[in-house]
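Ready for a few warm-up exercises? Have a look at the chain below, then work through the tasks one at a time.

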Amino acid sequence: MEPFEDFCPIPEMFYSFETGEPFQTCNLCGKDLMEDRENYLIEKAFKKDETLFEYAMCWECREKMRGEISQQSMRLIDNYFDEHVSLIDWRKNCLESHGYSAEGWLSHCLVKGTSIDETEDYQIFGHFVDHNIDFSGFPYALSDAAMEDLVNLLSDKTLGFLNDTSNKLFGLDLGRRITIF
Ligand SMILES: [Zn+2]
């Protein structure tokens, strides 16, 4: 496989808290994520230093999940990001300030700009391709304030779907849900 410019080894903060190693399989369908060119997403939720949940999801499952979310909710989410952040500028600033250090990219909320250290709850997202993290759009962090804004945009049906999937994945009602944005 050709090395891509924006690819770097998976940073430890995206390792599975449970195993202390990189995620090996999709938490939904069990697909091997270490296969050459396999695209996947990792989301983790933290409260202070505690990991509330974590999962890896292959791109196919992610697309399927996104298909379940109403068009209206997806449009509102896209609008929210468009209104609050210029992803191109944000990415340029991250590269200038932090290079390819995921910790730097995740040090502030993408939307609110608040320091994650001063945030009670936050979630981090990253895009990965087999053994690498891809810096072409992710990774980013969202503070509890941004998550709250987003949740308020979702329809009851979408929220119900995300709650059900979260409960299925983690087996208990955390009062927190996956977002797959
Ligand atoms: Zn999958």
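**Exercise 1: a residue in a loop**

Task: work out whether K48 is buried or exposed.

Solution: Start by counting, keeping in mind that this is a predicted model. K48 has 9 C-beta neighbours inside 10 Å. The cut-off for exposed is 12 or fewer, so K48 counts as exposed. Next, find its place: K48 sits in the loop between β2 (39-47) and β3 (50-58). Finally, check the backbone: the phi of K48 is near 55°, a positive value in a residue other than glycine.

**Exercise 2: another positive phi**

Task: find out how D130 is classed by its surroundings.

Solution: First, locate D130 in the loop between β4 (121-129) and β5. Its phi is near 40°, positive although D130 is not a glycine. Now count: 17 other C-beta atoms lie within 10 Å, so D130 is partly exposed.

**Exercise 3: a helix check**

Task: compare the expected span of α6 with the distance between its end C-alpha atoms.

Solution: Helix α6 covers residues 156-170, which is 15 residues. At 1.5 Å a residue, that should give 21 Å. The end C-alpha atoms are 21 Å apart, so the two agree. Just after α6 comes G171, with a positive phi near 75°.

**Exercise 4: the whole chain**

Task: what radius of gyration would a compact globule of 181 residues have, and what does the protein chain have?

Solution: The globule would come out near 16 Å. The protein chain has 16 Å, which agrees. Along its principal axes, the C-alpha trace spans about 45 × 35 × 30 Å.

Technical notes
Residues are numbered from 1 along each chain as its sequence is written. This is a predicted model: local features need pLDDT of at least 70, side-chain atom pairs count only at pLDDT 80 or more; totals for chains, interfaces and linings use all residues. Helices (H or I, at least four residues) and strands (E, at least two) are DSSP runs, numbered from the N terminus. The expected span of a helix is 1.5 Å times one less than its number of residues. The radius of gyration is taken over C-alpha atoms; the globule rule is 2.2 Å times the number of residues to the power 0.38. A residue is buried if 20 or more other C-beta atoms lie within 10 Å of its own, exposed if 12 or fewer, and partly exposed in between; C-beta atoms are placed from the backbone.
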